[in-house]
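Dear colleague,

I am passing the structure on to you with this message, and my notes follow below it. Please read them with the coordinates open beside you.

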Amino acid sequence: MQLNHQYIIALLPLLITGATAIAVMLTIAWRRHYGLTFVVTSAGLTLALLSIVPALQVGSLNVTPMLRLDAFAYFYSALVLVATLACVTLAHAYLGEADSEGFPGNREELFLLMSLAAAGGLVLVSTQHLAGLFIGLELLSVPVYGLVAYAFFNKRSLEAGIKYMVLSGAGSAFMLFGMALLYAESGSLDFTGIGASLAAQGSSILVQAGIGMMLVGLGFKLSLAPFHLWTPDVYEGAPAPVAAFLATASKVAVFAVLLRLYQLSPATSGGWLNDALSLIAIASILMGNLLALNQSNLKRLLGYSSIAHFGYLLVAFIASKGLAVEAIGVYLVTYLLTTLGAFGVVSLMSSPYKGRDADALYEYRGLFWRRPYLTAVLTVMMLSLAGIPLTAGFVGKFYVIASGVESQLWWLLGALIIGSAVGLFYYLRVVVTLYLVEPGIRRHDAPSNWGQRAGGIMLLAIAVLAFFLGVYPQPLLELVQHAGLAAV
């Protein structure tokens with residue numbers, strides 16, 4: 001690689017995110033100041049997001065065999081950075097501003113860990129090489145171990161951190177073994193080389209075992225059934241902004257690299273793998289929705305919901321032609337918005353930090369009569385997750401169904417429709433709870449001035465955007481089309 005100004009401009013989002021992590025580390029070492037650390041982190045991530053605009057002008061570049069910086073990579077980089085910025089903003093409100101009423105331990109390191117994880121996400125969405133995939137995945141996952149267990153005085157948080165670390169390590173081991181088998185058979189580590197080699201040689205037992213083991217590792221990271229058992233426990237134990245990061249930025253990055261692998265190595269797709277993915281999709285949709293039915297904990301409910309949503313995404317993923325890649329882009333944007341909004345409400349209700357999070361459904365009973373605008377935000381998020389018309393979630397689900405119809409995936413579409421009908425019940429149960437009244441119940445409330453703070457303003461903007469994209473989705477559709485997703 002000849003390192004010239006074009007490569008530097010193309011790498012700007014990743015370079016600035018890495019520099020932000022270093023700047024945050026130095027800021028903490030120089031002077032432990034919560035507000036200053038938040039400002040440095042937010043400014044760095046915003047700058048990284050803005051740098052995508054000049055980077056797009058450079059065009060598609062292969063930066064070493066590992067990274068391909070193109071419209072596809074920049075689109076998903078933008079999603080990862082937006083999600084990280086939102087989670088950093090929520091974390092600032094969640095940890096509390098005054099030392100006397102806020103988080104009892106060191107708060108600044110949370111921003112450092114999130115910046116490092118975001119850098120891992122950017123590597124992941126840009127990679128076209130198995131080594132880059134593993135490096136990006138580990139750079140994304142390792143900081144999350146600390147983030148999940150950040151509330152060290154809470155037994156559930158520590159338990160969630162240990163669970164995630166052990167199971168994530170097992171998932172990574174499966175994936176690494178699968179990569180070794182693929183390399184042994186194909187003699188190549190880059191996605192295109194693997195595809196070309198396997199197309200020439202045909203699919204052997206080693207190849208099938210390698211792809212299967214990689215699928216186990218990536219299925220764990222995306223919490224697809226039957227690799228989903230960690231999800232509700234980890235979401236419940238993790239601090240609310242961390243659960244939001246895990247459900248959005250982390251999963252979007254992993255799904256993006258899986259999509260690139262699937263597109264660049266056609267030999268890894270089709271045949272038995274499509275059958276396996278179809279079974280995983282149906283299991284994820286049905287198990288995610290059915291297990292969410294009896295949940296009285298909002299974070300666990302959102303955890304099971306995310307399992308179902310990535311099952312829906314697999315329908316478009318398996319179609320992989322025509323509208324499919326565009327449908328995935330649209331659906332991930334709508335999912336990211338609504339999930340951030342839902343976890344954002346939990347974050348604001350749980351701050352300043354006092355004991356466990358306000359995640360029990362009964363604590364939201366009658367919220368409308370105390371915080372009507374916050375209730376409106378959560379209502380829009382629940383309706384969007386359910387795929388009700390005039391919300392962003394409806395547009396995403398419509399595109400997934402259209403891609404399934406185009407590829408005639410009738411069994412998958414049947415599971416999607418049944419799962420959506422089941423999901424409608426528990427999403428609306430949350431909405432109804434917000435408007436009920438029960439005198440004398442112990443309540444958690446967001447601060448009275450929540451709407452004037454950064455986290456509150458961001459939540460209101462997300463709710464408006466979710467509604468706007470549901471009514472007028474054209475800007476989102478044009479963005480996805482111009483991002484070059486159809487030409488991966």
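**Surface patch**

On the surface of this model, which is a predicted one, the residues L390, L465, F467, F468, V471 and Y472 form a nonpolar patch, and together they offer about 580 Å² of accessible area. One member of the patch, V471, belongs to helix 19, which covers residues 454–471. V471 counts as partly exposed because its relative accessibility is 47%.

**The largest pocket**

Helix 19 comes up again in the largest pocket, where helix 3 (34–50), helix 4 (52–58), helix 5 (71–95), helix 15 (324–349), helix 19 and helix 20 (474–482) each supply at least two residues of the lining. The space in this largest pocket comes to about 740 Å³. Its lining is made up of 29 residues, and those that lie nearest the centre are L49, A78, L79, V82 and L479. Helix 5 provides the largest share of that lining, with nine residues. As to chemical character, the lining of the largest pocket divides into 25 nonpolar residues and four polar ones, with no charged residue.

Helix 15, one of the helices that supply the lining of this pocket, also holds T339. T339 has a relative accessible area of 4%, and it is therefore classed as buried. The C-alpha atom of T339 is separated by 9.9 Å from that of A83, although the two residues are 256 residues apart along the chain.

**Cavities**

How many cavities of 30 Å³ or more does a search of the whole structure find? The search returns four, and the largest cavity has a volume of about 150 Å³. Twelve residues line this largest cavity, and I211, L215, L258, L261 and L273 are those nearest its centre. Helix 10 (205–221), helix 12 (240–264) and helix 13 (272–292) each contribute at least two residues to the lining, with the largest share, four residues, coming from helix 10. The lining of the largest cavity consists of eleven nonpolar residues and one polar residue, and again no charged residue is found in it.

Helix 13, which takes part in that lining, is also where S284 is found. S284 counts as buried because its relative accessibility is 0%. Between S284 and A415 the C-alpha to C-alpha distance is 9.7 Å, while in sequence the two are 131 residues apart.

**Salt bridges**

A search of the whole structure finds nine salt bridges, and I describe some of them here.

In one of them D70 pairs with R68, and the closest N and O atoms are 3.4 Å apart. The two partners fall into separate accessibility classes: D70 is buried because its relative accessibility is 5%, whereas R68, at 25%, is partly exposed.

A second salt bridge joins the side chains of K163 and E159, with an N to O distance of 3.1 Å. K163 and E159 lie four residues apart in helix 8 (residues 155–186), and they are therefore separated by about one helical turn. Both ends of this bridge are partly exposed, since E159 has a relative accessibility of 42% and K163 has a relative accessible area of 27%.

K163 also meets D233 in a salt bridge, where the N to O distance is 2.7 Å. This pair links distant parts of the chain, for K163 sits in helix 8 and D233 in helix 11 (residues 230–237), 70 residues apart. D233 is partly exposed as well, because its relative accessible area is 24%. Beyond these pairs, salt bridges that share partners join R156, E159, K163, D233, E236 and R300 into one network.

If you look at one region alongside these notes, I would suggest the network that includes K163, E159 and D233, and after that the lining of the largest pocket, to which helix 5 gives nine residues.

With best wishes

Key: Residues numbered from 1 in each chain as written. Predicted model: local features only at pLDDT ≥ 70, side-chain atom pairs only at ≥ 80, totals over all residues. Heavy atoms only, no water. Patch = residues over 30% accessible without salt bridge, like charges linked within 9 Å, V, L, I, M, F, W, Y side chains within 5 Å. Areas by Shrake-Rupley, 256 points an atom, 1.4 Å probe, with all protein chains shown as cover. Salt bridge = Lys/Arg side-chain N within 4 Å of Asp/Glu carboxyl O. Buried < 20%, exposed > 50% of the residue type's maximum accessible area, 1.4 Å probe, protein only. 1 Å grid on protein atoms, 1.4 Å probe; cavity = no way out; pocket = protein on both sides within 12 Å on 5 of 7 lines; lining within 4 Å. Points joined across faces, edges and corners; volume = space filled by probe spheres on them. Nonpolar A, V, L, I, M, F, W, Y, C, P; charged D, E, K, R; others polar.
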